[in-house]
Amino acid sequence: MEKKRIVVKVGSSTITHESGRLNLRKLDLLARVLSDLNNAGHEVVLVSSGAIAAGCGKMQFDQRPQKLKEKQALAAIGQCELMYIYDQMFAQYSRKVAQLLLTKRDLEDEQLRENALSTLQVLLAYQTIPIINENDSIATEEIVYGDNDTLSAITARLIQADLLVLLSDIEGLYEEDPSVNPAAKKIDVVTKIDAHILAMAGDSNSKVGTGGMVTKLQAAKIATQAGCAMVIASGEDPNILYDLVEGKNRGTLFQARR
């Protein structure tokens, strides 16, 4: 079996209930599958959204606040909750996790980027599963990515990953918005991200997430140009990761440019 370096990104809508509270069953299954892939010899990095959503749930807020300082405070509250749960979930499967909180500045500054890469390389050598999120508690407009689709693609490029998987609330890239046209056709393979492909992108309909199809296509451009294949797939059942790692046709595959 070919060993792969894999980056998996999960969005807020993938790991929360409609109430905004964390979906513990989904998180547990995600931890089991990623741990099993790690046991099989694959190197795994998880990029996880959900801190603000977890903070809202812990504080029993019905709606996400609009003020930046309030969202940053909730991110601080929620990140503790999120990592505590991840640590417990992965520990059940004898896997150790580590947390990295990054901003755009960290990955655009040469020295900080090298520091992040060195840390990730050691963590992977230790056979841990790094869990990365944007540092929402301190990020401002100038240093924020704003979505973890882009952050996951930058991470995949940084560590020279073989595969980036965006687990989403949609099964892939469609020729039309499937929420508007249920008969819309899903694209199985994208060999080139051109104007025709970009025109298929729409905005996110999620109440808890920030990234829509536009950000996913931007992530695909970053990853594929770095030689990393990318897949957009449904996060409803994390077991789909087994098929994706084996190269089976699930979701939409964006072929790496070599």
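This is a short talk on the overall build of one chain, two of its loop residues and one of its pockets.

Okay, hi everyone. Just so you know, what you're looking at is a predicted model.

Let's start with the whole chain. It has ten helices and ten strands. Its radius of gyration is 17 Å, and the globule rule gives 18 Å for 258 residues, so the chain is as compact as a globular protein of that length. If you follow the C-alpha trace along its principal axes, it spans about 40 × 40 × 35 Å.

How much of the chain is buried? Of the 258 residues, 52% count as buried. As for the outside, the chain exposes about 12,800 Å², and carbon and sulfur atoms supply 46% of that. Now contacts: if you take those with a separation of 6 or more, 73% come from residues 24 or more positions apart.

Next, some backbone angles. Most residues other than glycine have a negative phi. Gln60, though, has a positive phi, near 60°. You'll find Gln60 in the loop between helix H3 (51-58) and helix H4 (68-91), and it's exposed, at 59% relative accessible area. Gln160 also has a positive phi, near 55°. That residue is in the loop between helix H7 (148-158) and strand E5 (163-168). Is Gln160 buried or exposed? With a relative accessible area of 67%, Gln160 is exposed.

Last stop, the second largest pocket, with a volume of about 240 Å³. There are 15 residues lining it, and the closest to its centre are Leu163, Val231, Leu244, Gly247 and Leu253. The lining is a mix: seven nonpolar, three polar and five charged residues.

That's it from me, thanks!

Notes: Residues are numbered from 1 along each chain as its sequence is written. This is a predicted model: local features need pLDDT of at least 70, side-chain atom pairs count only at pLDDT 80 or more; totals for chains, interfaces and linings use all residues. Side-chain values use heavy atoms; hydrogens and water are left out. On a 1 Å grid over the protein atoms alone, a cavity is a set of points where a 1.4 Å probe fits but cannot get out, and a pocket is an open set with protein on both sides within 12 Å along at least five of seven lines; lining residues have an atom within 4 Å of a point. Grid points are joined across faces, edges and corners, and a volume is the space filled by probe spheres set on the points. Ala, Val, Leu, Ile, Met, Phe, Trp, Tyr, Cys and Pro count as nonpolar, Asp, Glu, Lys and Arg as charged, and the others, Gly among them, as polar. Helices (H or I, at least four residues) and strands (E, at least two) are DSSP runs, numbered from the N terminus. The radius of gyration is taken over C-alpha atoms; the globule rule is 2.2 Å times the number of residues to the power 0.38. Buried means under 20% relative accessible area, exposed over 50%, partly exposed in between (1.4 Å probe, protein chains only). Contact means heavy atoms within 4.5 Å. Accessible areas come from the Shrake-Rupley method with a 1.4 Å probe; for residues, only the protein chains shown count as cover.
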